[in-house]
Amino acid sequence: MCDSCGCGQPGKEPTILKPGEHPHHHTHTHDGVEHSHDHDHDGHHHHTHDHDHRQYRKVEIEQDVLGKNNLLAERNRGYFEAKNILALNLVSSPGSGKTSLLERTIREQGKNLSFFIIEGDQQTMNDANRIKEAGAPVVQVNTGEGCHLDADMVNKAVKKLEVKDGSILMIENVGNLICPAMFDLGESSRVVIMSVTEGEDKPLKYPYMFQTSNLCIINKTDLLPYLDFDLGQAREYAQQVNPKLEFIELSVKTGEGMDQWYDWFKQAATPPQV
């Protein structure tokens with residue numbers, strides 16, 4: 001899974017804060033000594049059956065983590081549906097323009113729609129402060145060494161945020177296209193964002209993220225004249241891994257294509273007619 005970055009390891013709880021709040025630090029000691037847990041690097045050789053057992057145990061733990069996450073994700077989904085909350089999980093590489101997209105969306109649509117935002121990053125309150133300035137209630141989830149949000153983090157953040165019925169919850173996931181793909185948050189839809197400053201083959205390199213997404217936003221189209229990015233090729237690669245994927249091409253900077261984005265989530269937020 002994502003053991004190399006510390007995700008899912010015990011004792012590494014995320015920090016969930018509103019702008020202006022400060023975390024509380026707790027030092028755990030035993031007999032006056034602070035303890036830490038280090039990996040065994042004694043240099044000893046281990047037998048093959050030990051390695052096989054560890055590999056089996058690793059798979060078992062990963063399945064357990066994902067299983068627990070999916071159960072809570074379904075609880076989140078049921079809550080969102082009962083409260084008529086449209087929950088969107090925004091995923092991308094770092095620098096694709098997720099936060100800028102949210103800022104412009106809030107400023108242009110916030111008078112008529114009720115937005116609540118969950119910001120996911122390993123460190124800092126920077127994005128939450130930007131969202132607060134744009135005019136929407138927000139909490140920042142700092143995952144520490146973790147490289148993704150999970151259903152439990154979202155559950156706790158939603159409670160702290162006090163998301164209202166009939167609102168739109170935008171969840172900006174941690175910036176990477178690998179681990180967030182595996183963790184269902186209970187979202188109504190998953191939106192993957194890529195920019196024209198990235199390679200057209202992103203969908204082929206990270207197929208699971210594009211396979212599990214409902215909408216692909218291609219951002220920074222104002223830069224197309226200055227780049228060799230092939231828009232048609234990018235769409236073709238994405239459709240190879242997910243034929244049902246929808247596309248919106250836009251520029252957050254110029255505003256071109258933003259109306260398509262607004263129309264998309266407004267339609268998604270409209271309750272079906274009985």
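Let me start with two helices in this predicted model. Helix H2, residues 98-109, and helix H9, residues 258-269, have axes that come within 11 Å and cross at roughly 75°. Angles of 65 to 115 degrees count as roughly perpendicular, so H2 is roughly perpendicular to H9. On the H2 side, the contact is made by Leu101, Arg104, Thr105, Glu108 and Gln109. On the H9 side, the residues are Met258, Trp261, Tyr262, Phe265 and Lys266. By type, the residues of this contact divide into five nonpolar, two polar and three charged.

Next, the sheet. What is the order of its strands? Reading across, the order is E1-E6-E5-E7-E4-E8-E9-E10. That is an open sheet of eight strands, and the pairing is mixed. At the edges are strand E1, residues 15-17, and strand E10, residues 246-249, each of which pairs on one side only. From one strand to the next, the twist averages 20°. Helix H2, from the start of this talk, packs on the sheet and touches E4, E5, E7, strand E8 (189-195) and strand E9 (215-219). The direction of H2 makes about 165° with that of E5. There is also helix H8, residues 231-241, which lies across E9 and E10 and runs at about 155° to E10.

Now two strands of that sheet, beginning with E7, residues 168-172. How many of its residues are buried? Five of five, and the strand is mostly covered. Ile168, Met170 and Glu172 point one way from E7, while Leu169 and Ile171 point the other way. E7 is joined to strand E4, residues 86-92, by five bridges, and these two strands run parallel. In that pairing, Leu90 stands opposite Glu172 in E7. E7 also pairs with strand E5, residues 115-121, in the parallel sense over five bridges. Here Ile117 has Met170 of E7 as its bridge partner, and Ile118 stands opposite Ile171 in E7.

That brings us to E5. Why is E5 described as largely enclosed by the rest of the structure? Because seven of its seven residues are buried. Phe115, Ile117, Glu119 and Asp121 point one way from the strand, and Phe116, Ile118 and Gly120 point the other way. Note that the buried residues of E5 include Glu119 and Asp121. E5 is also joined to strand E6, residues 138-142, by five bridges, again running parallel. In this pairing Ile118 stands opposite Val139 in E6.

Last, the nonpolar cores. The largest one has 29 residues. Which residues have the most contacts inside it? They are Leu101, Ile117, Met170, Ile217, Trp261 and Phe265. At least two residues each come from E4, H2, E5, helix H3 (126-134), E7, E8, E9 and H9. H9 gives the most to this core, with five residues. Apart from this core lies another, of 18 residues, among them Val139, Leu149, Ala157 and Leu161.

I will finish on Phe265. Leaving out residues up to four places away in sequence, Phe265 touches Leu86, Leu88, Thr105, Gln109, Leu113, Phe115, Ile168 and Met170. Thr105 and Gln109 belong to the H2 side of the helix contact, and Phe115 and Ile168 were named earlier as buried residues of E5 and E7.

Definitions and conventions
Residues are numbered from 1 along each chain as its sequence is written. This is a predicted model: local features need pLDDT of at least 70, side-chain atom pairs count only at pLDDT 80 or more; totals for chains, interfaces and linings use all residues. Side-chain values use heavy atoms; hydrogens and water are left out. Axes are lines fitted to C-alpha atoms, for helices over the stretch in contact, and angles run from 0 to 180 degrees between N-to-C directions. Helices (H or I, at least four residues) and strands (E, at least two) are DSSP runs, numbered from the N terminus. Angles under 35 degrees count as roughly parallel, over 145 as roughly antiparallel, 65 to 115 as roughly perpendicular and the rest as oblique. Contact means heavy atoms within 4.5 Å. Ala, Val, Leu, Ile, Met, Phe, Trp, Tyr, Cys and Pro count as nonpolar, Asp, Glu, Lys and Arg as charged, and the others, Gly among them, as polar. Buried means under 20% relative accessible area, exposed over 50%, partly exposed in between (1.4 Å probe, protein chains only). Two strands pair if DSSP finds at least two bridges between them. A nonpolar core is a set of buried Ala, Val, Leu, Ile, Met, Phe, Trp, Tyr and Cys residues joined through side-chain atoms within 4.5 Å.
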